[in-house]
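User: I am new to this structure and want to know what stands behind each label. Please take me through it term by term.

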Amino acid sequence: MSSPDPRVQRATDLLRELGIQGRVEVRGERGDIACLVLPVERRGELVGENGLRLAERLRGLGFRFVALDLDPAAGAGAVLGALKLERPGDRK
Amino acid sequence: MVSTPQERTGNLQAKRQRLIELLREYGSVLIGYSGGVDSVLLARVAVDALGAQNVLAVTGKSESLASWMEDTAREVAETHGIPWLEVETRELDDPRYAANPSNRCYFCKSELWDRLGEVAAERGLRVIADGCNADDVGDHRPGAVAGAQRGVRSPLLEAGLNKAELRAWSRELGLPTWDQPAAPCLASRLPYGIAVTPERLRQIERAELALRRLGFRDFRVRHHEDTARLEMHSVEMAEAVRQSGEIHREVISAGFDTVVLDLEGYRRGSLNQDLSPTQLVQLGSVQ
């Protein structure tokens, strides 16, 4: 049995810190895509600046690409709070 | 130093004149013609400068050529009086190409220019030219080495014309390609190291064709084996999320298990971003 990918726990913690209670899965032939699994109705919030800032932070955990799962059934039932994406300059 | 509008106009006219002079020096020319902005403009200007009897635009046809590019190439040639020929190329039969190394384009262009060289010799055309332009300098372009080794000329580049200037000129000439997004071959959607196969190229083509039918225009379907990673232009991202159900259904039916939308959108050359300096072959460095 392979050990869990430590990047997933760190990415999940980051989402939680930002108020996104979604799930992170690893995709791609080299395991270099962070795939965010969110309910359909919340995906639009990650388009634009919010998504760019989140992608930058997740790439900092060792992923090469950061992407949203487009499966309509994926992420159903996840409960999300308000997004709290901060600008890089806001970080302490 | 900032140039005045008059200086810019004069500079542009000088570049256009330089291109026409170069073509006249050639006398006759065979143009590697993909149906993209650059090669279409070059072919049209060459016909004006040399007469149709001294120009042949040739498209290399293989599984890596998207059907919509082939259609554009043919239609523009027919509409604008450009003599056109399609020649089959067999780059997928070359294991060095199919293995998809970072210099994959070198093997593809070697095959293309060899085939086009045969046609030029048969037809008595003196020069072979491609559509590289001034903005291509500095890009990762191993294919340019194959052209340089075979004496292929790049008159748009030699005249100093950049992409914006080529688009503006195309618009003036009524060419439908003037605002066409960049359209490299389908193999460019595969990360280096994932073998180029006819089946994978068909998956990519089918998925991209479906997205075009849904109204999207500037995007790439990156092939990560089971996963399709969509890179959409920033202006099309919100619409992609709105149509995620349709997109998911269509891309899955093209043969993928998972469909994901890259949060950073379309980046030209995104699969080149991790190449080391020794792997990068830049057009400006080709002798």
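Analyst: Start in chain A, where Val24(A) stands opposite Leu36(A) in S2(A). This is a predicted model, in which local features need pLDDT of at least 70 and side-chain atom pairs count only at pLDDT 80 or more, while totals for chains, interfaces and linings use all residues. Residues are numbered from 1 along each chain as its sequence is written, chains are lettered from A and ligands numbered from 1 in the order in which they are written, and side-chain values use heavy atoms, with hydrogens and water left out.

User: What makes S1(A) and S2(A) a pair?

Analyst: Two strands pair if DSSP finds at least two bridges between them. S1(A), residues 23–27, and S2(A) share 5 bridges, so they pair, in the antiparallel sense. Strands (E, at least two residues) and helices (H or I, at least four) are DSSP runs, numbered from the N terminus. The hairpin of S1(A) and S2(A) has 5 residues between the strands, and Gly28(A) there takes a positive phi near 95°.

User: Which way does S2(A) run relative to S3(A)?

Analyst: They run parallel, joined by 4 bridges. Cys35(A) has Ala67(A) as its bridge partner in S3(A).

User: Why is S2(A) called mostly covered?

Analyst: Buried means under 20% relative accessible area, exposed over 50%, and partly exposed in between (1.4 Å probe, protein chains only). In S2(A), residues 33–37, 5 of 5 residues are buried. Ile33(A), Cys35(A) and Val37(A) point one way, Ala34(A) and Leu36(A) the other. In a regular strand the side chains alternate between the two faces of the sheet.

User: How do you know that S3(A) pairs with a strand of chain B?

Analyst: Count the bridges again: 3 join S3(A), residues 65–69, to S7(B), so the rule is met. These two strands run antiparallel. Ala67(A) stands opposite Asp262(B).

User: How many residues are in contact across the two chains, and what area is buried?

Analyst: Contact means heavy atoms within 4.5 Å. By that rule, 28 residues of chain B touch 25 of chain A. The chains bury about 2200 Å² between them, 63% of it on carbon and sulfur atoms. Val241(B), Leu263(B) and Glu264(B) supply 30% of the area that chain B buries against chain A, more than any other three residues. Buried area is the accessible area (1.4 Å probe) that two parts lose on being put together, summed over both.

User: Why is the link of Glu264(B) and Arg59(A) called a salt bridge?

Analyst: The label needs a side-chain nitrogen of Lys or Arg within 4 Å of a carboxyl oxygen of Asp or Glu. Here the closest N and O atoms are 2.8 Å apart, so the label fits. The rule finds 1 salt bridge across this interface.

User: Why is Thr59(B) called buried, but Lys163(B) partly exposed?

Analyst: Thr59(B) has a relative accessible area of 1%, so it falls in the buried class. Lys163(B) has 22%, so it is partly exposed. Thr59(B) is in strand S2 (residues 55–61) of chain B. Lys163(B) is in helix H8 (residues 163–172) of chain B.

User: What is Lys163(B) in contact with, leaving aside its neighbours within four places in sequence?

Analyst: Lys163(B) is in contact with Val37(B), Asp38(B), Asn133(B) and Asp135(B). Lys163(B) and Val37(B) are 126 residues apart in sequence and 8.4 Å apart in space, C-alpha to C-alpha.
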